[in-house]
Amino acid sequence: PGWFSEISPMWPGEAHSLKVEKILFQGKSDYQDVMVFQSATYGKVLILDGVIQLTERDECAYQEMITHLPLCSIPNPKKVLVIGGGDGGVLREVARHSSVEKIDICEIDKMVVDVSKEYFPDIAVGFADPRVTLNIGDGVAFLKAAPEGTYDAVIVDSSDPIGPAQELFEKPFFESVARALRPGGVVCTQAESIWLHMHIIEDIVVNCRQVFKGSVNYAWTTVPTYPSGMIGFMLCSTEGPSVDFKHPVNPIDENDSQQAARPLKFYNREIHSAAFCLPSFAKRAIASK
Ligand SMILES: NCCCN[C@H]1CC[C@H](NCCCN)CC1
């Protein structure tokens, strides 16, 4: 009955709208407003504080890319940490990697986990993997408590820098990620849009170049229901065995036999390399930092 418009000061003067068929859940957690609705053409949709987090139709692009860009860039990832990601989609993708032995996740808002299990079972399926340990809490504190060099990979599946995820975009957090990674370990963070947030991205690049002494790259994917139709990722590695993000050493292919039950919908090795190709305005802005 009507339309949902994603109006936010984070993207002034524009708003992506989705036709609503039925509101399925509305609640207020300790951290944010949570809403789920059935859309006319994108399946069910998860909204946090008025911002589109995922839709059933296009979540594959974001979850597959934020996970496989880092994990396919290092041989034999074993221990993986997900910060945020309470919908379970990243866990579902990490679980595709048979080399992985342990998956820790730290999500601050339990309501996101519960709502995802209830309304998005094909996304929350990630929580069912026996390698997963769920921690409800602040990712910053979790990382501070992690022993040095614990993880091969950290994935920061956050919302935007207004609200609970604010500190996940600041330097102290990146320093705690670098400390928790092994030498040559990798991190992939949600890194906004080059059309909307070039300045935020430039600040993130500056911080990452100071903190991560391996490689620092920006990659992106299309997501129709995110503002400007795309979202970026920062991919960084710590000092140690070199990582070339643009050439996957640990391929996971869209027709990999193990994935027969639920094949990859978006990620493949060509789109992995293509993700690091940037338009000139973004290339200049990032290279100059
Ligand atoms: N795991 C589900 C996705 C959570 N990350 C989202 C990334 C995009 C963001 N708004 C887009 C902001 C404009 N660049 C909302 C959260």
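**Exercise 1.** Determine how the residues lining the second largest cavity divide by class.

*Solution.* The structure is a predicted model, in which local features need pLDDT of at least 70, side-chain atom pairs count only at pLDDT 80 or more, and totals for chains, interfaces and linings use all residues. Residues are numbered from 1 along each chain as its sequence is written, and side-chain values use heavy atoms, without hydrogens and water.

Step 1: fix the terms. A cavity is a set of points, on a 1 Å grid over the protein atoms alone, where a 1.4 Å probe fits but cannot get out; lining residues have an atom within 4 Å of a point. A volume is the space filled by probe spheres set on the points, which are joined across faces, edges and corners.

Step 2: list the lining, namely Val156, Ser158, Leu168, Phe169, Phe174, Thr189, Gln190 and Ile204.

Step 3: apply the classes (Ala, Val, Leu, Ile, Met, Phe, Trp, Tyr, Cys and Pro nonpolar; Asp, Glu, Lys and Arg charged; the others, Gly among them, polar). Five residues are nonpolar, three are polar and none is charged. The space enclosed is about 40 Å³.

**Exercise 2.** Describe the largest cavity and its lining.

*Solution.* Step 1: its space is about 520 Å³.

Step 2: of its 41 lining residues, Gln53, Asp157, Ser158, Ser159 and Asp160 are the closest to the centre.

Step 3: among strands (DSSP runs of E, at least two residues) and helices (H or I, at least four), numbered from the N terminus, β5 gives the most to this lining, with four residues.

Step 4: the lining comprises 19 nonpolar, 13 polar and nine charged residues.

Note on methods. 1 Å grid on protein atoms, 1.4 Å probe; cavity = no way out; pocket = protein on both sides within 12 Å on 5 of 7 lines; lining within 4 Å.
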